[in-house]
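Reader: I should like to understand how the descriptive terms applied to a protein model are justified. May we go through them one at a time?

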Amino acid sequence: MSSAVGKRSKAALKAFLAAEEDSATEVAVVDPRAVELRSLGAEDPATLQAIREVFAGTSLPDDQEKVRRILRTRSEIQKEWGDARDSFLAIGRALISLESELTKAEFARLRHGTERLFPFSDATATQLRQIARAVDGGRIPVTACPGSYGTAYQITLLTEPQLRVARERGLIRADVTRREIMQLRREVAADGAEPPPPGRLDRARLREERARLGERRTRLAEELAMVDRRIAQIDELLSPVIDGEAETVG
């Protein structure tokens, strides 16, 4: 009897262990959507934090399905955004390569007929070439180039001092907005000098600006005087012809 009890005990123990293994297996089977959510979130925890902040006060941050959908959509958009960047960089490089193979006269004609040959204007083509040169020249790291060519072009317009300030502020990044870059251009002068705080008058800077404007006014006045003199000379040369025509007509 003792042996039978022992056997039953062993059998019961095996059954118990088997049940525990089955239970452990069940626990190990997790919702693949939860795994995907953790995977997406692990790649960019800052996005999960942003979702919590954007939807604070709502139940969305606790809704795994909706959070997963936002993360997947963001991932898809990021890929397409990157593809868009690669596309306009490729177009810019192709245009630069074409420019190098044409004479100046031929390239001028190409620019004049851009819209007849390509699905964009000459202004857009110019911007795409400038962006490609900035990226290939190292001014804008390719990984930091925005997916919008309009925003990328705004970065190319920054002077070296402005570009330095932009780097210091963390604005040279793929998700920077055009508004941020344009705001920087308004705040930081081309020479890198930032405007004084509101309420403070930078007299030295104003005097420098006034001197530059005075010099420009003098140059413009001289140019205008030259134009007036040349017009007078032309009128004098044409006056006999004009008089003759007037007499003929009369």
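Author: Certainly; let us begin with Gln 162, which has a relative accessibility of 5% and counts as buried. Please bear in mind that the model is a predicted one.

Reader: Why is Gln 162 called buried?

Author: The term buried requires a relative accessible area under 20%. Gln 162 has 5%, and therefore it counts as buried. This residue is found in helix 9, which covers residues 160-168.

Reader: What is Gln 162 in contact with, leaving aside its neighbours within four places in sequence?

Author: With that exclusion, the partners of Gln 162 are Leu 157, Leu 184, Arg 185, Val 188, Ala 189 and Ala 190. Its side chain also reaches the backbone nitrogen of Thr 159 at 3.0 Å.

Reader: Arg 185 appears among those partners. Why is Arg 185 called partly exposed?

Author: Partly exposed is the class between the buried limit of 20% and the exposed limit of 50%. Arg 185 has a relative accessible area of 33%, so it is partly exposed. Its place is in helix 10.

Reader: What makes the link between the side chains of Arg 185 and Gln 154 a polar contact?

Author: A polar contact needs a pair of N or O atoms within 3.5 Å, one able to donate a hydrogen and the other to accept it. The side chains of Arg 185 and Gln 154 make such a contact at 2.8 Å. Not counting residues up to four places away in sequence, Arg 185 touches Gln 154, Leu 157, Leu 158 and Gln 162. As for Leu 158, its C-alpha atom is separated from that of Arg 185 by 7.1 Å, although the two residues are 27 apart along the chain.

Reader: How is Glu 160, in helix 9, classed by its relative accessibility?

Author: Glu 160 has 46% relative accessibility and therefore counts as partly exposed. The side chain of Glu 160 makes a polar contact of 3.0 Å with the side chain of Arg 139. Glu 160 and Ala 190 are 30 residues apart in sequence, and 8.2 Å apart in space from C-alpha to C-alpha.

Reader: Why is helix 8 described as mostly covered?

Author: The description rests on a count: seven of the eight residues of helix 8 are buried. They are Gly 150, Thr 151, Ala 152, Tyr 153, Gln 154, Ile 155 and Thr 156. These buried residues pack against helix 4, helix 7, helix 9 and helix 10.

Reader: Tyr 149 also lies in helix 8. Why is Tyr 149 called partly exposed?

Author: Tyr 149 has 32% relative accessibility, so it counts as partly exposed. Leaving aside neighbours within four places in sequence, Tyr 149 is in contact with Phe 88, Thr 124, Gln 127, Leu 128 and Ile 131. Tyr 149 and Ala 84 are 65 residues apart in sequence, with 8.6 Å between their C-alpha atoms.

Reader: Is Thr 47, in helix 3, classed as buried or exposed?

Author: Thr 47 counts as buried, because its relative accessibility is 8%. A polar contact of 3.4 Å joins its side chain to that of Arg 74; here the distance is to be set against the limit of 3.5 Å. Not counting residues up to four places away in sequence, Thr 47 touches Leu 71 and Arg 74.

Reader: How many cavities of 30 Å³ or more are counted, and what lines the largest cavity?

Author: The count comes to one cavity of 30 Å³ or more, and the largest cavity has a volume of about 40 Å³. Its lining consists of Leu 95, Phe 107, Leu 110, Arg 111, Thr 114, Phe 118, Asp 122, Ala 125 and Arg 129. By class, five of these residues are nonpolar, one is polar and three are charged. Helix 5 and helix 7 each supply at least two residues of the lining.

Reader: Finally, how many helices and strands does the protein have, and what share of its residues is buried?

Author: The protein has 11 helices and zero strands. Buried residues make up 23% of its 250 residues. Among contacts with a separation of 6 or more, 53% come from residues 24 or more positions apart.

Key:
Residues numbered from 1 in each chain as written. Predicted model: local features only at pLDDT ≥ 70, side-chain atom pairs only at ≥ 80, totals over all residues. Heavy atoms only, no water. Helix = DSSP H or I, 4+ residues; strand = E, 2+ residues; numbered from the N terminus. Buried < 20%, exposed > 50% of the residue type's maximum accessible area, 1.4 Å probe, protein only. Contact = heavy atoms within 4.5 Å. 1 Å grid on protein atoms, 1.4 Å probe; cavity = no way out; pocket = protein on both sides within 12 Å on 5 of 7 lines; lining within 4 Å. Points joined across faces, edges and corners; volume = space filled by probe spheres on them. Nonpolar A, V, L, I, M, F, W, Y, C, P; charged D, E, K, R; others polar.
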